[in-house]
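Please walk through this structure with an eye on its empty spaces. Start with the enclosed ones, then move on to an open one.

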Amino acid sequence: MSATANVPVPTTGITRRLLGNGLGVASAIVILLVILIAALAPVLPLPSPDAGELADAMQGPSPAHWLGTDTTGRDILSRLIWGARVNLLGAALAVVVALVLGVPVGIIAGYYRGWVDSVSGWVNDLIMALPGIIVLLAVSAVVGPSVWLAMAIFGVMLAPAYFRIVRASVLAVRGELYVDAAVVAGLPDSRILFRHVLSVVRAPILIQGARLAVIAIAIQAGLEFLGIGDVTVPSWGGMLNEGFRRVYDAPLLILWPSLAIGIVSVALVLFANALRDALEDRTQPLRRTRRHPAPATATASAPSAAPATEAPSGSLLSVRDLHVGYGYRSGEVEVVHGISFDIRAGEVLGLVGESGSGKSQTALSILGLLPFGGEITSGSIRLDGRELTTLGERRYAALRGTDIAYVPQEPMSNLDPTFTVGSQLVVPLRRKLGLSAREARARALELLERVGIGDPEKVFASYPFQLSGGMAQRVLIAGAVSCGPRLLIADEPTTALDVTVQAEVLEILRTLQRESGMSVLMVTHNFGVVADICDRVAVMSQGELVEEGDVRTVLRSPQHPYTISLLEAMLDESRTRDDLDATEKAGV
Amino acid sequence: MGALLLKRAISGLTLVIAISFLAQLLILPGIDNIARNVLGELASEEQVAQKATELGLDRPFFVRYADWIWGAVQGDFGTSFYSTQSVTAAIASRLPVTLSLVILVTVLTALIAFALGITAAVNRGWIDRLLQVLVTVADALPAFVIALFLATVFAVQLHWFPATGYVPLTESPLGWLASLVLPVAAMTISGVVGVAQHVRSSAITVLRSDYLRTRRSRGLPTRYILATTVLRNSATPGLAALAVQVVGLLGASVVIEMVFALPGLGSLAVQAALRSDIPVILGVLMTYVVIVVVVNLLVDLLIAWVNPKVRLRA
């Protein structure tokens, strides 16, 4: 049932992790205790569950009857405990049947695939379409009311639940390299199955067992409530039935069996969850220890009192002492350590650095779109003198599209797969610029043509997954410039594209920039792109700005050692790229 | 879209036929008991044998199945062992009750689950923690136990709603609604958080996606983005979970109809099961399977409608 139960992780060490989970331990104790009490019922000093004097009927709790007596004077506690035997055994029977059928078939289907997989998959779908209780009613119509037979058949109906998770686990482990290696090494299948596959499915089997037991308990109690079952034996469902008949004068009678079902089921669910969490923990990296002291949060929301340097006149964007951090408490991990730069109106600034240098984080913080958990911990971002870091979401949204726009890196993952390209272009035009539907459509088609799309009508009606990467990136550029932004933030806009398409996309960006006079922040790791399009360049390394200046100056005589090494490292790559470009241009 | 519809309809039909065969197979091991069950312990061997012949139980399996399926495709499920009423008529008279339950619960579950799941994903905080607690509770308590509590508190103690009975919609819309409030509430409470949990986790994935960030970078209001991008992209897993939930919900409806004494298919099935009325129980079983198939078909169509990938690649 749980997708997370499919994580292929060996079980070693999980027990220890489970013991660290208070709820997990408590629920395990409750389950064991209930099983123990039920098992010991014959030797416990309990009144007989079946004997009762009518004169003692419907009594409240007393020292003789801790929970009181039922409608015929029988001891409720004793009936609950004896009922636990029936209900726990019934649930166990169903789970064992499901296990015996589902696990081997799941392993075979997942390991060998082929016809076993298709046939069992089909049977799985078939059983999933059946409401279990109706089938059990049909069975009891034929063979008479027998809880044991009903639960065995219900086990068959639960088998697909085991089948699915075991098959998925095995499929996952089958694709692992170490299993391939074992196959290549010529180990027999049986050995691989035991050594690698079984160890992977052990924990999911236990988790699923607890969940299925909950379902089995519910259905058995339901059947007993309906009167399908041995009425001479005490059971929780039977007690609910008897209690509900007297709901008008003794509503408490249904409370006790409900509590019994509820407590056991909650314990099983919590146990399954704790086990799942213990499994998941293993796949996650160890929690970061808080080594960096959190920076003073006093300045978190307020812009720096005195910017390090005044923004030069004519500056459109002015970033001062920007700090960006991640973590539950801001600043647990700082990725940008106080950078400052300006972009003048109509200027193209390249922000260069290797991956992880913090350049994308800087770009996203200007947009106010840092990923979950990230935030600006201190510093100031001003657009045309207006402070952005303190802006509420609504006002920020009003700025986006018309003042600041964004071209992302990965074209294929940045378009909404459920809406057409046309709708994604038209909606901002209508909402931000107030165009009519017809005007917006005409404008969107015009934009698509301007970014070099040959058949705008067709692309307009397409869904993103029907486009190539180059096409999608053109669409994203068209969307970014559609509302005439003053500042375009392009985050590695050519990195994910084919080399041949890269040059075209850069050319489109350059043309659009020249025509509209917008400023551009070009985030890139490629000095070729910088040389192509930028006026000035800022170099970032490990969250800090190490060099900034005119493109020609920086490229010809870099000052900072990091810039020099970056340029040297790129020399070979850029040469081959230039060669490619040259041959490409010659070829066209 | 048409191709998808046809494909799903054919697979649904295959499923119905396969289950009809399986159901007949299921009663085969006990076929000799049936006449005895109908007549009771005191009947003589001859009487039992005569009854078996009368009910057609002594015919070979395939003859019986062929006869039954031939009738079934014409809408004739035979006659009850105990009355002259045709099974089809009995089912038809009780179908509105069960359908009222199922439709109301499915629609309510879908609405609440999506609202709850997306709210929990967006706001996290207390509403998310509450959802996690409720998921555990709803996982653990059978729907009919919830129903017993609702009946005890709101019908028996507080007299807010009728404890038992059913008023047809055509007779009194308000009475119809009042008679269904508690059963519908019990089933919705039991099923809604599970679906909401699926919606929540897929909505969280959407909220962290690149395309959501890009949509936000276009300056669209949050409300609009939630109602379009987030809703549509998290709909597929949520609807799939809903389809699974409906099967469980039909099972729960059987017991819940008994709790509230609703004259639906479920109580018909229980009555038939307790007295071995095979034609009735087979008819009810097939009706449930058809309901499941139709609901799955509708959900598939809904998924295809919101998810162009499914629609265009079918």
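**Spaces inside the model**

The largest cavity is lined by Asn414(A), Leu415(A), Gln424(A), Leu425(A), Pro428(A), Val475(A), Leu476(A), Gly479(A), Thr214(B), Arg215(B), Arg218(B) and Leu220(B). Three elements give two or more residues to this lining. Chain A brings helix 13 (421-433) and helix 16 (469-481). Chain B brings helix 9 (210-217). Keep in mind that this is a predicted model.

How much space lies in the largest cavity? About 110 Å³. Its lining divides into six nonpolar, four polar and two charged residues. The count of cavities of 30 Å³ or more comes to three. Rolling a probe the size of a water molecule over the atoms shows where such empty space is left.

Next comes the second largest cavity. Its volume is about 80 Å³. The residues that line it are Asp70(A), Thr71(A), Ile76(A), Arg79(A), Met239(A), Glu242(A), Gly243(A) and Leu253(A). Which helix gives the most to this lining? Helix 9 of chain A does, with three residues. Find that helix at 236-245. Helix 3 of chain A also supplies at least two residues. By class, the lining of the second largest cavity has three nonpolar, two polar and three charged residues.

Now turn to an open space. The second largest pocket holds about 530 Å³. It is lined by 26 residues, and the closest to its centre are Ile31(A), Ile35(A), Ala92(A), Ala213(A) and Leu268(A). Four helices of chain A each supply at least two lining residues. They are helix 2 (22-40), helix 3 (76-112), helix 8 (189-226) and helix 10 (255-283). Helix 3 gives the most, with nine residues. So helix 3 of chain A turns up in the linings of both the second largest cavity and the second largest pocket.

What classes of residue make up the lining of this pocket? There are 24 nonpolar residues, one polar and one charged.

Finally, step back to chain A as a whole. It has 20 helices and 10 strands. Of its 588 residues, 52% are buried, with under 20% relative accessible area as the cut-off. Its accessible surface comes to about 26,500 Å². Carbon and sulfur atoms account for 60% of that surface. Contacts also reach along the sequence. Take those in chain A between residues at least 6 apart: 71% of them join residues at least 24 apart.

Definitions and conventions. Residues numbered from 1 in each chain as written. Chains lettered and ligands numbered in written order. Predicted model: local features only at pLDDT ≥ 70, side-chain atom pairs only at ≥ 80, totals over all residues. Heavy atoms only, no water. 1 Å grid on protein atoms, 1.4 Å probe; cavity = no way out; pocket = protein on both sides within 12 Å on 5 of 7 lines; lining within 4 Å. Points joined across faces, edges and corners; volume = space filled by probe spheres on them. Nonpolar A, V, L, I, M, F, W, Y, C, P; charged D, E, K, R; others polar. Buried < 20%, exposed > 50% of the residue type's maximum accessible area, 1.4 Å probe, protein only. Contact = heavy atoms within 4.5 Å. Areas by Shrake-Rupley, 256 points an atom, 1.4 Å probe, with all protein chains shown as cover.
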